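User: Could you take a close look at one strand of this model and walk me through what surrounds it? A connected account would suit me better than a list.

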Amino acid sequence: MMKLTQADFQERRDRLAEEMGPHSIAIIATSPVAMRNRDADYKFRADSSFFYLTGFAEPEAVAVIETFESIDEGYTYSLFCRERDREMEIWHGYRAGVDGAVDDYEADEAYAIDLLDEEIIEKLFDKQKLFYRIGQQADFDARVAKWLTQANGESRKGTSAPAHVIQLDRILDEMRLHKSEKEIKLMQLASNISAEAHTRAMQTVKPGMMEYALEAELNYVFGKNGCLPSYNSIVGGGKNGCILHYVENDQELKDGDLVLIDAACEYQLYASDITRTFPVNGKFSPEQRALYNVVLDSQIAAIDAVRIGNSYKEPHNVAVRILVQGLLDLGIMQGDLEEIIEKETFRQFYMHGTGHWLGMDVHDVGSYKQDGEWRAYEDGMVVTVEPGLYIAPDDETVDAKWRGIGIRIEDDVVATENGPLVLTKNVVKTVADIEALMAKAKVA
């Protein structure tokens, strides 16, 4: 099983320390435990940026990085975490403890998390800059403010607290936006597993099946590969495919309808994100086929626009033009192509963007604009490409034969020096390939 190593996490800390400069301190906390209901918690998932720097997946942990007078002197990496506790480990699982934080996670210093308020004050002394993820957790924001007040209160001892508080995400988000070779390999593994899940869904779907039963087929593939869903799965049959964030997944899949599945898993905390739309009975109707091919044509062209130097917005612009022309050709829209695009009246049928950054978070970090302009694609950026068309079931401006059809096709694409690299190509998406796969499954 491919995994990141402590050398990978150290290299990231090295880069962060260099960006921070001398006389600086960075404080970053992991996610809090989230309550599901009453006294039952959700399964813990580490904060992505915290894990990015530490590889530490336990709750109740804080990492601290301190640089010295000269950046050439290096830095100190401290990890505050839960202590070993035999009784708690019997109930809730093993802990690394402070010894494990040093031995297994290569912290220079480790402390019990209960000592954070006490130990952090001295670490703030004589630092010029504090790098902190402002606004992530309100409770932790208040603690940091209190620490700064306490540290400033010690000035009579000849010490000083940081005079500048800087948003740490401005550095970390840019680091995370550009994926390394190893990160892309992890995302490729996530994509392969998700593609297998979508293929299984196409092979097992049948009229009368419930949406949640089809979701269970996806979860089986995710689970057998040691993965969890990257996000709440969307399995929308018929008109439910027109609801962009439909997650109830509790309706019957009907003969003659399409089913839109937007679902994928994360592997070692790296996400994939796939959408496919296909007929419940294995055969597209003429109207379904016509709309589907418009979306597919737009998606193929948009993927080709994910090229180094192109604007982030270029795939969207390309997709919109093809979608609008397709709607005009089918008689669903009337008017002038350029005017429709300028006035965005196409949003009646296509109301979302064509993609987003992808990485450790399914809607990953990283700015979309720089100096007010859409940024250009650079090597190692990963983006989704997901155009769609949605004809509302009650839209009386459209001929009844089109109503209630929702279609989206989504793939994960890496911008590389050799052009777009599609991570999710292992799941079919042409009408012919989908129908052939589903026909073969029914025969088998």
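**A strand and its surroundings**

Analyst: Happy to. A good way in is a polar contact: the side chains of Thr-275 and Asp-262 meet at 3.2 Å. Please keep in mind that this is a predicted model.

Thr-275 belongs to strand S14, and it counts as buried because its relative accessibility is 0%. Its side chain also makes a polar contact with the side chain of Glu-410, at 2.6 Å. Leaving aside neighbours within four places in sequence, the residues in contact with Thr-275 include His-198, Arg-408 and Ile-409, along with Leu-260, Ile-261 and Asp-262.

That brings us to S11, the strand of residues 258-262. Five of its five residues are buried, so S11 is largely enclosed by the rest of the structure. In a regular strand, side chains alternate between the two faces of the sheet. Here, Leu-258, Leu-260 and Asp-262 point one way, while Val-259 and Ile-261 point the other way.

Now for the strands that pair with S11. Strand S14 (residues 275-279) runs antiparallel to S11, and five bridges join the two; across this pairing, Leu-260 stands opposite Thr-277. Strand S10 (residues 234-237) is also antiparallel to S11, joined by four bridges. In that pairing, Asp-262 is the bridge partner of Ile-234. So far, then, Asp-262 has a polar contact with Thr-275 through its side chain and a bridge partner in Ile-234.

His-198, one of the contacts of Thr-275, gives us a link to the helices. His-198 is among the residues of helix H8 that form its contact with helix H9. H8 (residues 181-204) and H9 (residues 211-224) pack at an angle of about 145°, with their axes 9 Å apart, and their crossing is right-handed. Ile-193, Ala-197 and Ala-201 are also among the H8 residues in this contact, and H9 contributes residues including Leu-214, Leu-218, Val-221 and Phe-222. By class, the contact holds eight nonpolar, three polar and four charged residues.

One more sheet completes the tour. It is an open sheet of three strands in the order S9-S12-S13, with antiparallel pairing. Its edge strands are S9 (228-229) and S13 (270-271), each pairing on one side only. S12 (residues 265-267) and S13 are joined by two bridges, and Tyr-267 has Tyr-270 of S13 as its bridge partner. H8 packs on this sheet too, touching S12 and S13, and its direction makes about 145° with that of S12.

Technical notes. Residues numbered from 1 in each chain as written. Predicted model: local features only at pLDDT ≥ 70, side-chain atom pairs only at ≥ 80, totals over all residues. Heavy atoms only, no water. Buried < 20%, exposed > 50% of the residue type's maximum accessible area, 1.4 Å probe, protein only. Pairing = 2+ DSSP bridges. Axes fitted to C-alpha atoms, helices over the stretch in contact; angles between N-to-C directions. Left-handed = near helix turned anticlockwise from the far one by under 90°. Contact = heavy atoms within 4.5 Å. Nonpolar A, V, L, I, M, F, W, Y, C, P; charged D, E, K, R; others polar. Polar contact = N/O pair within 3.5 Å; in protein donor to acceptor, adjacent residues only side chain to side chain.
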